[in-house]
Amino acid sequence: MKKKRDFGSFVKSNIIIVALAVFVLLFSVSAKGFLTVNNITNILLQISTYGIVAFAMTISIIGGEFDLSVSSLMGFITLLFTDLAKKAGVFPAILVCLAVGLLTGLLNGLMVSRLKMNAFVVTLGMMMFIKGLALTYTGGRPNNFPNPALNSFANGSLLRIPTITWFFLITFLAVHLILRYTRFGRNVYATGGNPTVARMAGVNVEFYKMMLFVILGFVTSVSAILMSMRLSAGNVLYGSDLTMSVIAGIVIGGTSMAGGSGSAVRTFWGTLFIGVLFNGLQRLEIQASWQDVIKGAILIMVISMDTIMAQRKVRKTIVRD
Amino acid sequence: MACAPSFSKHPPIPAGNRERSERTAADFPPERENHMPRDDERKSCMQENILYMKGISKTFGSTKALDHVDFTVRKGEVHALLGENGAGKSTLMKILSGVYTADEGTIEIEGKQVQFKNTRESAQGGVGLVFQELNLVPSLTTTENAFLGHLQVTGALKRVQWKKMQDEFARFMKSIDFEMDPTQLVSDLSIAEKQMVEIARALMMQSRIIVLDEPTAPLTTEEIRKLFAIVRNLKEKGITIIYISHRLEEVFQICDRATVLRDGHSICTLNVAETNKAELIEKMVGRSMEGEFPPRQLGQYGEPVLEVKNLFTPGFLRDISLTLHKGEILGLAGLVGSGRSEIARAIFGADKIEKGEFYIGGKKVAIHSTMLAKANSIGLVPEDRKDEGLAVDFSIQKNITITNLKKTCGRLGILSADREAKAAEKYIKELSIKTPSSRQRVEQLSGGNQQKVVLAKWLYNDADILILDEPTRGIDVGAKYEIYLLMIELVRQGKAIIMISSELPEIFALSDRIVVMYEGEVRNCVDNYPGLKPEDVMQFALG
């Protein structure tokens with residue numbers, strides 16, 4: 001089979017990149033100061049915190065599961081981190097926060113993989129549980145934690161790329177490599193693609209299902225710690241729209257919610273698209289409520305175009321491995 | 001010569017056989033009509049053609065699936081459509097039902113030219129399909145399924161007439177002597193009953209032609225008998241049936257005529273009463289088959305490799321003990337539901353066991369997960385190829401290497417696509433899996449080739465003990481033979497095989513010893529000595 005690289009088929013299989021280019025072009029013309037180094041850095045900064053979680057969530061979705069509890073976990077960790085850092089020091093705080101993230105993931109994972117509970121229900125319950133915990137923890141008040149050293153680290157940049165964005169890029173690379181080049185990654189695809197077949201091939205399906213949540217819990221708490229360092233604060237509200245934004249980015253990138261297919265690269269483009277869209281609309285100074293309307297409409301449009309194209313395209317016989 | 005033109009890629013028919021096939025052609029004048037359709041039309045006052053597919057061609061990418069195929073079906077007959085997998089049967093039927101569009105050719109139904117764009121149109125045009133994969137909604141009732149897509153409604157509010165439809169469904173079921181509750185959920189039905197609902201659905205839409213694709217594959221003997229009664233009943237009512245099956249005996253039981261396809265060509269159409277199994281097989285494979293089974297020296301096996309002692313599973317298997325030897329094929333016979341697959345699953349760690357001991361090479365081992373089974377060098381080729389054996393969306397190579405990814409990894413534990421492709425290509429060659437590439441989705445392979453991929457999975461992990469559950473189900477004659485040869489080669493290499501099969505001839509031809517199951521128990525274990533008769537085994541299988 002020879003590889004055809006004509007423009008038409010590129011558009012069909014990469015709607016998201018085309019859509020991204022279109023919107024970048026559109027905003028460059030219409031929104032003042034959109035296409036400046038400053039603003040591009042700004043966009044990268046905006047997508048980085050959630051983007052880190054998006055990559056971990058991509059693993060979960062490929063493995064056939066997803067997790068709603070990350071949104072309240074993020075808020076809770078920012079509170080926990082700021083509080084503990086004040087009381088016990090930064091390093092113990094980081095360690096405890098990472099452990100809490102891991103444990104939450106482990107708990108979710110055990111319930112889903114061992115007790116065969118539905119992930120939607122488990123993580124919905126966990127979401128409410130953690131949210132409640134976070135609210136009781138500080139009575140709903142935000143925590144302030146001004147620490148110049150941490151702040152300048154988190155808000156700093158290296159080679160003109162913000163620290164947080166470095167984390168984003170490293171997570172991207174790591175997840176990409178894991179999914180594509182490791183046994184773990186392959187088994188995640190197999191588990192998400194068809195758990196019965198995977199089990200009948202002697203794959204430890206339960207372990208992989210569990211690990212999906214563990215990784216996600218851990219990565220979420222890393223992201224939350226960075227966030228509270230950058231904003232010098234902890235707040236129960238941080239991350240409240242995390243789940244939705246992250247899943248929007250993943251799906252718009254073209255990873256199927258059905259599991260078994262998708263990639264970190266797709267999530268990268270999807271997340272970038274969402275970042276550009278949000279930033280551009282802000283720059284156009286459209287009323288906030290209308291911004292939401294437009295965002296929703298555009299998301300649906302892009303995804304439907306992708307779906308329509310996929311249906312038109314004859315199913316690929318040769319799989320890209 | 002009307003029959004078997006040798007444009008196939010199969011080896012030319014040897015002289016001796018050619019003589020025979022010429023005689024065959026002369027002996028069966030009806031063959032000619034397919035190639036000279038006008039003859040047939042002249043006779044149409046006697047036997048009217050309901051379906052006439054003429055010069056149908058279809059190309060997928062670089063492969064020509066159908067090449068000017070003619071297919072004529074008479075009104076009210078049961079017409080077998082035969083051919084190996086990949087011969088083009090399904091493609092032809094998908095063109096008939098509008099799933100695919102033909103590149104060339106015309107379709108006439110009752111003299112009128114038709115061109116269906118989808119299955120909805122073909123259903124309205126009187127063509128009903130009952131496919132292997134049952135297309136029913138499990139959470140709806142039998143009636144709801146039978147009327148799915150064409151619910152009967154009344155009044156301005158288009159209120160659904162449940163009662164009327166239920167009555168109609170019940171009446172219909174009664175008319176074909178089949179008992180079924182019109183309000184029962186489909187998820188509670190047996191496979192045979194589900195099939196009936198599908199047939200009912202086809203008939204509720206006033207189908208005049210019904211295509212049955214491998215209807216008996218999942219059925220028990222008793223259910224097959226019932227199905228045949230219904231098929232005859234439908235025939236009496238003037239409904240035309242196109243019957244696709246790999247079980248040639250069935251063709252002789254219920255079909256009037258048979259059309260053979262090979263490599264996308266229509267080879268011939270024969271009157272079933274005037275042909276025999278050997279001839280049909282010859283037409284299908286393009287060469288004469290010595291027999292259905294390759295010869296095998298029985299009874300030459302080595303020391304025990306696997307011993308199962310006093311195995312119980314919750315509520316089903318009772319006190320199962322059996323021994324498998326090196327180089328042995330152990331046949332597991334018994335009726336469907338007698339516990340054969342359950343033994344396989346228990347040994348493979350897929351199901352929970354209550355108690356019981358496993359010994360491998362004399363050493364006691366615990367097998368309570370599929371991982372442990374794999375570690376103990378056991379491999380299972382499950383009964384349900386598409387839902388348990390293969391991830392159909394994945395490529396051949398991904399399916400093969402999943403059992404042992406470690407072997408695919410380089411030094412740093414990094415998966416190497418090259419290594420993976422190389423491994424897959426080795427098995428593609430050794431097992432002669434027909435595919436253009438190791439990156440082909442397994443979904444696109446024929447049943448026989450898919451089964452080879454499942455086998456390759458376990459060979460890749462070097463499994464010494466292979467459990468094959470209905471290894472040749474839904475596979476065409478040629479591929480079956482290849483699977484048999486493969487099994488014989490594997491045991492020759494010192495592997496041990498447990499073969500579960502519902503086809504006694506298969507068990508008799510290949511097994512060194514035969515274990516007979518009945519209701520969760522081992523009834524008997526016999527050596528397969530030359531004088532052993534099927535009746536000797538069946539009496540135990542029946543209790």
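Two strands count as paired here if DSSP finds at least two bridges between them. With that in hand, let's walk through two sheets in chain B of this predicted model.

Start with β6 of chain B and the strand beside it. β6(B) is joined by 4 bridges to β9(B), residues 209-213, and the two run parallel. To find this pairing on your screen, look for G128(B), which stands opposite I210(B) in β9(B). A helix belongs in this picture too: α8 of chain B, residues 191-204, packs on the sheet and touches both β6 and β9 of chain B. The direction of α8(B) makes about 170° with that of β6(B).

Now step back to the whole sheet. It is open, has 6 strands and mixed pairing, and follows the order β6-β9-β10-β3-β11-β12 in chain B. At its edges lie β6 (127-130) and β12 (265-271) of chain B, each pairing on one side only. Neighbouring strands are turned by 20° against each other on average, with direction ignored.

As a reminder, strands of a sheet pair through backbone hydrogen bonds, either parallel or antiparallel.

The other sheet, also in chain B, is an open one of 4 strands with antiparallel pairing, in the order β14-β13-β16-β17. Here the edge strands are β14 (320-325) and β17 (363-365) of chain B, and each has a partner on one side only. For this sheet, the average turn between neighbouring strands is 20°, direction ignored.

Which strand do 5 bridges join to β13 (residues 304-312) of chain B? That partner is β16(B), residues 355-360, and the pair runs antiparallel. A handy landmark is K309(B), which stands opposite E357(B) in β16(B).

Methods: Residues numbered from 1 in each chain as written. Chains lettered and ligands numbered in written order. Predicted model: local features only at pLDDT ≥ 70, side-chain atom pairs only at ≥ 80, totals over all residues. Axes fitted to C-alpha atoms, helices over the stretch in contact; angles between N-to-C directions. Contact = placed C-beta atoms within 7 Å.
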